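The following exchange sets the names given to parts of a model against the cut-offs behind those names.

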Amino acid sequence: MSGVSVQFPVTHNTKSNLANVDWDNLPFGKIFADHMFVMEYANGAWKQGEILPFGPIAMHPAMSAIHYGQSIFEGMKAYRNQSDEVVLFRPELNARRFTESAARMCMPELPEEIFLEAVKQLVALDAAWVTNKPGYALYIRPFMFATDEFVGIKPSDTYKFVIISSPVGAYYAEPVRVKIEEHYTRAAVGGVGRAKAAGNYGASLFPAKQAQQQGFHQLVWTDAKTHTFIEESGTMNIMFVINNTLITPSEDSDTILRGTTKRTVLELAASWGIPIEERPVTVEEIITAAKNGTLQEAFGAGTAATIAPIAIIGYRDEKIELPALETREMSLKIKTFLHEVKSGAIEDTHHWVQKVC
Ligand code: COI
C-alpha cells in the first residue's frame, strides 16, 4: 500500500447535475452525484486513488470482469441529520465485507482504511447531494472489477476500485409480496453466496422475473440441496417474529450474505431484551406459523430497502396474507429507532453513526 496518500486528489466536476434533480420523482439508482472515486491495482499494489467528475469508464472489449465475472460491490447510505451533518451508518462493516468478498473472488484485498477514507472524501465532496428529506439518502456504491485485457481464464492481475453515489428514496413503494422458491437457487454450499459478487445478482434475475410475472416483488431463496430451509429474500436478509421471538436464518453456511442491517437489527433486539433465534429456519415452520396465526411479522432487512415489511408469502399455489402492518410492533419499533439514530433525533448509544462532514 505504499504511495497511497490519505487526502485523495480531486478533479472537480464543473457541470454539476444537482440543480436538475427532481426530488419528488426520484427513481432508485438512476441519478448520480457529480463525482466518483477511482483507484487502480497493478503489479501487486494499489496505485494513488483520485476523485474525478462522474462519467463513463473506458473499457477494453477483452476486460476480464465482463467475461468471467470477477466483480464485487457494496451498498451503503449517507444521511443528513438534524444538525445538518452528513453521516454514515456502520461503514466499517461494509469495508470488512468488501475485503471478504474480494478474498472469495480471488481479488486483491483493499485495506479497510482506504475504503473508508475514499467513501468519506467522496461523500464530503458531494455532500450537497445528501438531502434531509425524510426517507431519503445518498446510496453509495463501491465496486471492484477485474481489468486484465485477456480472454484466458485466470485471476486478473489488474483491477479497478470505483465508488459512485446516487440520491434515493424508498426502494420498495409498498409492503412486499414474496414467493418461496423451490426450484432455482441463489447459492449452494461451497459457492459464493456469502460474497457480494455481481454474478449472484445476475443469476437471480431469471427466477425473480418469473415470480414478478406471477405478481410477486421478490423470491424467498431456499437452500440449494433440499429447498426446505429459508435463506434470504431477494436482495435482503429475512427475519420473522413468532411468539414475540425474532427469528432469522443463521449464517453458518457460506450461502447467506452477512447483512449490515440484519446484524444491526439483531444487536438492537438483543439490547432491548427481545428473545432471538439465529438458526436454520424451515419453510414448513414459517408456513405453519403463518397459517395458524403465530407468525406476527416477516420483513426483509437490507441497505437499499432498510426494513421492508412482507405482506404476502406465496407458497406453491397459495398466497398467505400476513398480519396487518399496524400490528407489526417489533419491526416498526426497530425501523423508527434506526431512522431516529441516523437522523440524530436520539442519542447514538451504540456508536453506529460516523460523521463525514
Ligand atoms: C443493497 O441493499 O445495498 C443491495 O445490495 C441491493 C441492491 C442490489 C439494490
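Q: Why is K133 called partly exposed?
A: The class of K133 follows from its relative accessibility of 26%. Buried means under 20% relative accessible area, exposed means over 50%, and partly exposed lies in between (1.4 Å probe, protein chains only). Because K133 has 26%, it counts as partly exposed. The model is predicted: local features need pLDDT of at least 70, side-chain atom pairs count only at pLDDT 80 or more, and totals for chains, interfaces and linings use all residues. Residues are numbered from 1 along each chain as its sequence is written, and side-chain values use heavy atoms, with hydrogens and water left out.

Q: What makes K133 and D24 a salt bridge?
A: A salt bridge is a side-chain nitrogen of Lys or Arg within 4 Å of a carboxyl oxygen of Asp or Glu. The closest N and O atoms of K133 and D24 are 3.0 Å apart, and the pair is therefore a salt bridge. K133 is in the loop between α3 (112-125) and β7 (137-146), whereas D24 is in the segment before β1 (35-42), 109 residues apart. Helices (H or I, at least four residues) and strands (E, at least two) are DSSP runs, numbered from the N terminus. D24 counts as exposed because its relative accessibility is 59%. Side chains of opposite charge can pair when their charged atoms come close.

Q: Why is E251 called buried, and R258 partly exposed?
A: E251 has a relative accessible area of 9%, so it is buried. R258 has 35%, so it is partly exposed. The side chains of these residues, R258 and E251, meet in a salt bridge at 3.7 Å, N to O.

Q: How do you know that K291 and E318 form a salt bridge?
A: The closest N and O atoms of K291 and E318 are 3.0 Å apart, and the pair therefore satisfies the rule. K291 belongs to helix α6 (residues 283-292) and E318 to strand β17 (residues 318-321), 27 residues apart. E318, with a relative accessible area of 34%, is partly exposed. Elsewhere, E251, R258, K262, R263 and E278 are joined into one network by salt bridges that share partners.

Q: Why is T255 called buried?
A: T255 has 2% relative accessibility, and therefore counts as buried. T255 is found in the loop between β13 (245-248) and α5 (260-271). Contact means heavy atoms within 4.5 Å, and residues that T255 touches include R186, A187 and V189, not counting residues up to four places away in sequence.

Q: What makes T255 and E231 a polar contact?
A: The term denotes a pair of N or O atoms within 3.5 Å; within protein, one must be able to donate a hydrogen and the other to accept it, and residues adjacent in sequence count only if both atoms are side-chain atoms. The side chains of T255 and E231 are joined at 2.9 Å, and the pair therefore qualifies.

Q: How do you know that R90 and E267 form a salt bridge?
A: The closest N and O atoms of R90 and E267 are 3.0 Å apart, so the rule is met. Across the interface of domain 1 and domain 2 the rule finds one salt bridge. An automatic or database domain assignment supplies the bounds, giving domain 1 (18-168) and domain 2 (176-343).
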